[in-house]
Each structure stands twice: as structure tokens, then as C-alpha cells.
Amino acid sequence: MASESDRIARAGDYVLGLMNDTERERAERDLEIDPAFRDAVVQLAERMHVFDHAEPEERWKQITQRIGDLPQMRNSGLIDAGSPAVIQSLSQRPHGIGLHAFGGRRGFAVAVGLIVAFALGYLAGKF
């Protein structure tokens, strides 16, 4: 028996049309005999039906609206306070810590400095 997460993932693949012919035929057989899988497919299809008639830009707005409405997103800092359902661009926030946080020449200077420091440490250890 498949777990709930496997069933949902498989139903999502079926609804989105990501299955090959063999998998699709098996899923269609399972739709007839497995009520839990059938319910998962129907539930996902109903949720995705909202996006059927929208333009691509409108779809993205609807998706970000639904993600922004999730309770875990309200306290994440990714939501603009003026508009509670609009996700701020992730490109405005630094992603992690490291050399990729430094841009252009500054990152190059840091990398060269580290190479020189390691080379000097290596040479000091040899003598």
C-alpha cells in the first residue's frame, strides 16, 4: 500500500500529465479500483482548475496569492507588509553566507586573499 505522500505525488503527476504511457495506464486502472487515489486525483484536479482560464501572468499572481495566504508564509519575512498576499522577490534578499554574497571585484579580491593566505601557510609549514 502506497503512503499518502506517494499517492499525492503520483496523483499530481497524473493530473499534470507527467507520466509516460505505461504509468498513465496503470494510474487509470488504479482510478477504477483505488478510491483513495481517485479522491487524491479529484482533489488535485479541482485545486488546479482555478488556473485553467487565466493568462500566464494572471496564473503567477494567483499562485503567489495562494502561497501568500498560507499561515506559514505570514511570519516568514517574504510577505510585503503593505500587501499581505504578495511575495517579495527573493532576489532582493541575500541567499546565505559565502563568496557568492560578494559581487564582482570584491568577491575576486576575497578569493585571491584566501589563496595567498593558504599559500603562505603552506610555505611556512614547509620551512
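What pattern does the chain follow when you read along the sequence? It is α-α-α-α-α-α. Keep in mind during this tour that you are looking at a predicted model.

**Stop 1: the whole chain**

Start with the cartoon view and trace the chain from its beginning. You will meet six helices and zero strands. Now switch on the surface. The chain exposes about 10200 Å², and carbon and sulfur atoms supply 59% of that area. Of the 127 residues in the chain, 15% are buried. If you turn to contacts with a separation of 6 or more, residues 24 or more positions apart account for 24% of them.

**Stop 2: helix α1**

Select residues 4-16, which form helix α1. Try a distance check between its end C-alpha atoms: they are 18 Å apart, which agrees with the 18 Å that 13 residues should span at 1.5 Å a residue.

Next, color Arg7, Ala11 and Gly12, the buried residues of α1. They cover an arc of only 135° around the axis, so they sit on the same side of α1. Rotate to the other side of α1, and you will find Ser5 and Leu16 exposed. What lies over the buried residues of α1? The cover includes α3.

Zoom in on Arg7. Is Arg7 buried or exposed? Its relative accessible area is 10%, and buried means under 20%, so Arg7 counts as buried. Show the side chains here too: that of Arg7 makes a polar contact with the side chain of Glu4, at 2.8 Å.

Before leaving, select Gly17, just after α1. Gly17 takes a positive phi of about 75°.

**Stop 3: Asp30 in helix α2**

Move on to Asp30, which has its place in helix α2. With a relative accessibility of 14%, Asp30 counts as buried. Which residues does Asp30 touch, not counting those up to four places away in sequence? Select Arg10 and Phe37 to see them.

**Stop 4: helix α3**

On the way into the next helix, pause at Asp34. Asp34 caps the N-terminal end of α3, with a side-chain oxygen 3.2 Å from the backbone nitrogen of Ala36.

Now select α3 itself, residues 35-48. Its 14 residues should span 20 Å at 1.5 Å a residue, and the end C-alpha atoms are 20 Å apart, which agrees. Color the buried residues Phe37, Ala40, Val41 and Leu44. Look down the axis of α3: these buried residues fall within an arc of 95°, so they line one face of the helix. Which helices do they pack against? Show α1 and α2 together with α3, and you have both partners.

Stay with Leu44 for a moment. Leaving aside its neighbours within four places in sequence, Leu44 is in contact with Ile8, Ala11, Gly12 and Val15.

**Stop 5: the largest nonpolar core**

For the last stop, select Ala11, Met19, Ala27, Leu31, Phe37, Ala40, Val41 and Leu44 together. These eight residues make up the largest nonpolar core. The elements giving two or more residues to this core are α2 (21-33) and α3 (35-48). Which element gives the most? That is α3, with four residues. You have already met some of the core along the way: Ala11 is among the buried residues of α1, and Phe37 and Leu44 are among those of α3.

Key:
Residues are numbered from 1 along each chain as its sequence is written. This is a predicted model: local features need pLDDT of at least 70, side-chain atom pairs count only at pLDDT 80 or more; totals for chains, interfaces and linings use all residues. Side-chain values use heavy atoms; hydrogens and water are left out. Buried means under 20% relative accessible area, exposed over 50%, partly exposed in between (1.4 Å probe, protein chains only). Contact means heavy atoms within 4.5 Å. Accessible areas come from the Shrake-Rupley method with a 1.4 Å probe; for residues, only the protein chains shown count as cover. A polar contact is a pair of N or O atoms within 3.5 Å; within protein, one must be able to donate a hydrogen and the other to accept it, and residues adjacent in sequence count only if both atoms are side-chain atoms. A nonpolar core is a set of buried Ala, Val, Leu, Ile, Met, Phe, Trp, Tyr and Cys residues joined through side-chain atoms within 4.5 Å. The expected span of a helix is 1.5 Å times one less than its number of residues. The arc is that of the directions from the helix axis to the C-beta atoms.
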